[in-house]
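Student: I am new to this structure and would like a close look at a single part of it. Could you take me through one pair of packed helices and the contacts around them?

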Amino acid sequence: MKICPVLPALAAVFLSLSAGAVHAADASCAIPRNVSYYDYDVKPSDEKNTCYKQSTNVPTDYFMLALSWSPGFCDSQRRRGAVSKKAAFQCADSNHFGWIVHGLWAQSNNPASCDDISVTPPRKTELHPRYCKGNLPKLAPSEILPYMCMQPGEALLQGEWEKHGACDFDTAKQYFEKERELFQALKLPDSSMPKNELFQWMKQHNPQLKGRWLGYEKHSGELRICYSKDFKVIDCQK
């Protein structure tokens, strides 16, 4: 599917930090008519990280919205030799995503600690709410296709609902709609940036983020924004 370019008038706007401003709702794509990756079911038992199989004994205290720079992810896929079937839609040559939603994650203020024994030496992992309702049925294509331009991947959508959304939302639609609401409320740069520059840019162009502590995952370059349980922006944990 061909991705529509950002409106020329918006793409031409350059602000004080030298990167263009793109509203999350401005970039759009052609929603596919059907799924291309049919084996998109997700099972807790398939998690390689042994700590990620299920975590139900900690409460949800706040939420974290994780945003990923898609070109960087797809470049990493190609460096490995081939794009995975799960990422085929996101990384197709005809598609041109910028920032996308990785997920909206339930978080605990005091997560338990777990040793992931799938790696040597074992890696400490925080146990936030995950797979709260266990292994769920595969969503119908009609339930995930409307969100492919925000969160481009059948397995990604299924997995985020099952791992994270089901802990606090009654339906996948409620979960995806909340992700879309938060995503569309943001203005995002039209490029990736080093951490400090990205934080500065986001706070300059998003008044709701001013004075707030944002999160950043240095390995992937993901931007993370935290929200209270009533979805007001709060400080992410330092």
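Tutor: What follows is a walk through one helix pair, with a short look at a salt bridge in one of its partners. Please keep in mind that this is a predicted model. Helix H5, which covers residues 154-163, packs with helix H6, which covers residues 172-184, and their axes lie 10 Å apart at an angle of about 105°. Because angles of 65 to 115 degrees count as roughly perpendicular, H5 and H6 are roughly perpendicular to each other. Where the two helices meet, H5 contributes Leu157, Glu160 and Trp161, while H6 contributes Ala172, Tyr175 and Phe176. Sorted by character, the residues of this contact divide into five nonpolar and one charged, with no polar residue.

Staying with helix H6, we can turn to two of its residues, lysine 178 and glutamate 181, which are three residues apart, about one turn of the helix. Lysine 178 forms a salt bridge with glutamate 181, and the closest N and O atoms of the pair are 3.1 Å apart. As for how far each partner is covered, lysine 178 counts as buried, at 16% relative accessibility, because buried means under 20% relative accessible area. Glutamate 181, by contrast, counts as partly exposed, at 47% relative accessibility. This salt bridge belongs to a count that comes to nine in the model, and another of them joins arginine 224 with glutamate 222, with the closest N and O atoms 2.9 Å apart; in that pair both residues are buried.

Note on methods. Residues are numbered from 1 along each chain as its sequence is written. This is a predicted model: local features need pLDDT of at least 70, side-chain atom pairs count only at pLDDT 80 or more; totals for chains, interfaces and linings use all residues. Side-chain values use heavy atoms; hydrogens and water are left out. Axes are lines fitted to C-alpha atoms, for helices over the stretch in contact, and angles run from 0 to 180 degrees between N-to-C directions. Helices (H or I, at least four residues) and strands (E, at least two) are DSSP runs, numbered from the N terminus. Angles under 35 degrees count as roughly parallel, over 145 as roughly antiparallel, 65 to 115 as roughly perpendicular and the rest as oblique. Contact means heavy atoms within 4.5 Å. Ala, Val, Leu, Ile, Met, Phe, Trp, Tyr, Cys and Pro count as nonpolar, Asp, Glu, Lys and Arg as charged, and the others, Gly among them, as polar. A salt bridge is a side-chain nitrogen of Lys or Arg within 4 Å of a carboxyl oxygen of Asp or Glu. Buried means under 20% relative accessible area, exposed over 50%, partly exposed in between (1.4 Å probe, protein chains only).
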